[in-house]
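Me: I would like to learn how to read a structure feature by feature. Could you walk me through this one?

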Amino acid sequence: MAEKTITVNRKAQHDYHILRTLEAGLSLLGTEIKSIREGKVSIREAYVRPDDSEMWLVGAHVAQYAPASSANHDPTRRRRLLLHRRQIRELRRAVESEGVTIVPLRLYLKNGRAKLEIA
């Protein structure tokens with residue numbers, strides 16, 4: 001299991017009390033994963049928000065991939081997190097009833113796939 005850390009949200013460690021961490025996959029476009037592999041991403045101002053039966057990463061900035069030109073992505077678009085239904089229900093309940101904020105701690109590549117550690 002080769003892991004390569006791309007970026008760490010150090011601000012979250014200082015601003016929030018970390019209760020629990022969880023690994024989530026990310027649903028990305030081709031140009032986004034190429035930019036992430038180049039390290040052109042920021043999760044400093046990002047947070048996770050539930051919407052219907054899904055969790056979304058909001059506020060993350062993935063720079064446009066220069067060679068893609070016209071077929072590029074929006075750098076600040078919402079990105080769907082890939083989690084199990086049970087995990088989504090638990091996180092949604094925590095946000096709605098307990099007033100918990102879900103923030104990304106680390107973005108990394110694991111076996112060639114982008115993963116997000118959330119807390």
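Me: Let me begin with one residue: is T21 buried, partly exposed or exposed?

Reply: A word on the source before the answer: this is a predicted model, in which local features need pLDDT of at least 70, side-chain atom pairs count only at pLDDT 80 or more, and totals for chains, interfaces and linings use all residues. Residues are numbered from 1 along each chain as its sequence is written, and side-chain values use heavy atoms, with hydrogens and water left out. For exposure, buried means under 20% relative accessible area, exposed means over 50%, and partly exposed lies in between (1.4 Å probe, protein chains only). T21 has a relative accessible area of 39%, so T21 is partly exposed. T21 belongs to the loop between helix 1 and strand 2 (22-26). In space, its C-alpha atom is 9.3 Å from that of P104, with the two positions 83 residues apart in sequence.

Me: What share of the 119 residues is buried?

Reply: Buried residues account for 42% of them. R79 is one case: its relative accessible area is 1%, so R79 is buried.

Me: How many helices and strands does the protein have?

Reply: Helices (H or I, at least four residues) and strands (E, at least two) are DSSP runs, numbered from the N terminus. The protein has three helices and nine strands. Reading from the N terminus, their order is β-α-β-α-β-β-β-β-β-α-β-β.

Me: Which radius of gyration would a compact globule with 119 residues have, and what does the protein have?

Reply: The radius is taken over C-alpha atoms, and the globule rule is 2.2 Å times the number of residues to the power 0.38. A compact globule with 119 residues would come out near 14 Å, and the protein agrees because its own value is 14 Å. Along the principal axes, the C-alpha atoms fill a box of roughly 45 × 30 × 25 Å.

Me: How far apart in space are R10 and L105, C-alpha to C-alpha?

Reply: Sequence separation and spatial distance are worth reading side by side. R10 and L105 are 95 residues apart in sequence, and their C-alpha atoms are 7.4 Å apart. R10 lies in helix 1 (residues 10-15) and counts as exposed, with 61% relative accessibility. For E38 and L105, 67 residues apart along the chain, the C-alpha separation is 19 Å. E38 sits in the loop between helix 2 (30-37) and strand 3 (41-42), and at 44% relative accessibility it counts as partly exposed.

Me: Which residue other than glycine, in the loop between strand 4 (47-51) and strand 5 (54-58), should I look at for its backbone?

Reply: Most residues other than glycine have a negative phi. D52, found in that loop, has a positive phi, near 55°. D52 counts as exposed, at 62% relative accessibility. N111 also has a positive phi near 55°; N111 is in the loop between strand 8 (104-110) and strand 9 (113-118), and at 51% relative accessibility it counts as exposed.

Me: Over which ring does the charged end of R78 sit?

Reply: A charge sits over a ring if NZ of Lys or CZ of Arg is within 6 Å of the ring centre and within 35 degrees of the ring normal. The charged end of R78 sits over the ring of W56, 4.1 Å from its centre. R106 lies over the face of Y108, at 3.9 Å from the ring centre. W56 has another contact to follow: its C-alpha atom is 5.5 Å from that of R79, 23 residues away along the chain. R79 is in strand 7 (residues 79-82).

Me: Which residues line the largest cavity?

Reply: Rolling a probe the size of a water molecule over the atoms shows where empty space is left. On a 1 Å grid over the protein atoms alone, a cavity is a set of points where a 1.4 Å probe fits but cannot get out, and a pocket is an open set with protein on both sides within 12 Å along at least five of seven lines; lining residues have an atom within 4 Å of a point. Grid points are joined across faces, edges and corners, and a volume is the space filled by probe spheres set on the points. The lining of the largest cavity includes L26, L28, I36, V41, I43 and R79. About 40 Å³ of space lies in this cavity.

Me: What is the volume of the largest pocket?

Reply: It is about 300 Å³. The pocket is lined by 17 residues, with L19, R20, L91, V100 and A119 nearest its centre. Helix 3 (residues 85-98) gives the largest share of that lining, four residues.
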